[in-house]
Amino acid sequence: MNATNVLFDDLGTQTGLDTGWFLFGSISQGDTLSRVPVNSPTFKIGRRSEMDLTLRSPRVSGEHAEIILVGETIFIRDLGSRNGTFVNRRRVDQVTPIGEGDHIELADMEFRIEYRPSKAVHATSKAHLNDTMDEIETLESAWVLSQLDELIGKRAVVPHYQVIMGLMHSSPVGYEALARSSVSGLENPGTMFETAKLADREAELSLLCRAQAVELGVHLPKGSSIFLNTHPAESLHEHVLPSLRHLRTIAPEHTLVVEIHEGAIDDLSSVRRFIDELKDHEIGIAYDDFGSGRSRLVELIQAPPNFLKFDIGLIRDIHKSPKQQQRMLKILVEMVHDMGTRAVAEGVEKRHEAECCRDLGFDYLQGYFFGRPKPVDGFLPQTDEETGTRTSGDPSLETMAIFDDLV
């Protein structure tokens, strides 16, 4: 065992580093269990002594596998080993996202993936939980619940739209609809859905948000796409699909794309049926927040979407990340392209991030770099009352000029 390995006593108390990602298992057959910190963005495992983790097994290759950290997301890839790398009993032959609780095998050596937050993070999380409970108690008041009645009854959801830029286009190709309102206490989607959860009206609220997004979104430039969100409380077949069939008739000159969180994909056969139904109605599908948790690329390949939206955690300051991490992300984008799926980078806030995403092969970019979400009126041509001059409703000319430089 080399210097990176950390042994535990009988109580499981760590004698070294105590935060971050770990591999829990034995480094040789019959040896005591160890908790090994993954303390490098590119953590190599194999039989050779110069590896970050040296395993004492003749079945393990000299350079067997590599664990890669990108932001808070962890991946593993095989390095051409003789006896294979497995995740949850499935052999991997490509870069594969892994997460806490996953079981990995390197030939005949086995480990469990663990994550331990820092004490500071734990304390912060505990404080945040206490604050959240206080907020929930406030939300439970009759006043806030009556505000929810007003929000839904008066259809007071006012969607704001955030542009999605295509690297092969000089203007927005799509707009993601985000829920907002002026109802006191329910101004943003977080408080809206926290309150709706108390009243068991989450699906009802989500249906309203999509309806408002399309009914007002018809005023967006013709031919553009409107990206619509869903909620985990909704059934894809009982709630989402019927609403989309209706909304398709309202916006015949726009492309509709429904977003579902990739972590919510449990029944692949059901998702495939859902995708087939969407195709019949010329509606696209996007998997959202890829890389924000336990991403399951193998499952995604079996039910490929039209768009895969990479989480902001993978994009933030990507231009400052080690070249190895950028290369890994580029491999993921190429794999997405092989599925016939277009890759979307979310949370682009800086020019350098946009440039890096362009170089990594992303098809679309979304984020504050191109402007904050705004009501549909903000995208329509405006007339100056004094001069009578009409101005474009596209994103600011300055932002568009910068974007033109990127493409």
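Helices and strands are DSSP runs, numbered from the N terminus. The model described here is predicted. The protein has eleven helices and 22 strands.

Strand E14 (172-178), helix H3 (189-198), helix H4 (202-217), strand E15 (225-229), helix H5 (236-250), strand E16 (255-261), helix H6 (268-280) and strand E17 (283-290) share one role in the architecture: each supplies at least two residues of the lining of the largest pocket. The volume of this pocket is about 900 Å³. Its lining comprises 35 residues, and the closest to the pocket centre are Asn229, Thr230, His231, Pro232 and Glu259. H4 makes the biggest contribution to the lining, giving four residues. By class, the lining of the largest pocket holds 16 nonpolar, nine polar and ten charged residues.

Two of the lining elements, H3 and H4, also pack against each other. Such a pair of packed helices is described by the angle between the axes and the distance between them. For H3 and H4, the axes come within 8 Å and cross at roughly 145°. The contact of H3 with H4 has five nonpolar, one polar and two charged residues. On the H3 side, the contact involves Met192, Phe193, Ala196 and Lys197. On the H4 side, Glu202, Leu205, Ser206 and Cys209 take part.

Asp200 is located in the loop between H3 and H4. Phi of Asp200 is near 55°, a positive value in a residue other than glycine. Asp200 counts as exposed because its relative accessibility, 68%, is over the 50% cut-off. A second positive phi value in a residue other than glycine occurs at Asp289, where phi is near 60°. Asp289 belongs to strand E17. With a relative accessible area of 22%, Asp289 is partly exposed.

Helix H2 (residues 142-153) contains Leu148. Leu148 has a relative accessible area of 0% and is therefore buried. Leaving aside residues up to four places away in sequence, Leu148 touches Leu186, Met192, Thr195, Ala196, Ala199 and Arg201. Met192 and Ala196 also appear in the H3 side of the contact with H4. Leu148 and Thr195 are 47 residues apart along the chain, and their C-alpha atoms are separated by 7.1 Å.

Val333 provides another buried position. Its place is in helix H9 (residues 323-338). The relative accessibility of Val333 is 1%, so the residue counts as buried. Val333 touches Phe310, Ala343, Leu360, Gly361 and Phe362, again not counting residues up to four places away in sequence. Ala343 lies ten residues from Val333 along the chain, with 6.4 Å between the two C-alpha atoms.

Values for the whole protein complete the description. Of its 407 residues, 49% count as buried. The accessible surface of the protein comes to about 19,400 Å². Carbon and sulfur atoms account for 50% of that surface. Among contacts between residues at least 6 apart in sequence, 59% join residues at least 24 apart.

Methods:
Residues numbered from 1 in each chain as written. Predicted model: local features only at pLDDT ≥ 70, side-chain atom pairs only at ≥ 80, totals over all residues. Heavy atoms only, no water. 1 Å grid on protein atoms, 1.4 Å probe; cavity = no way out; pocket = protein on both sides within 12 Å on 5 of 7 lines; lining within 4 Å. Points joined across faces, edges and corners; volume = space filled by probe spheres on them. Nonpolar A, V, L, I, M, F, W, Y, C, P; charged D, E, K, R; others polar. Axes fitted to C-alpha atoms, helices over the stretch in contact; angles between N-to-C directions. Contact = heavy atoms within 4.5 Å. Buried < 20%, exposed > 50% of the residue type's maximum accessible area, 1.4 Å probe, protein only. Areas by Shrake-Rupley, 256 points an atom, 1.4 Å probe, with all protein chains shown as cover.
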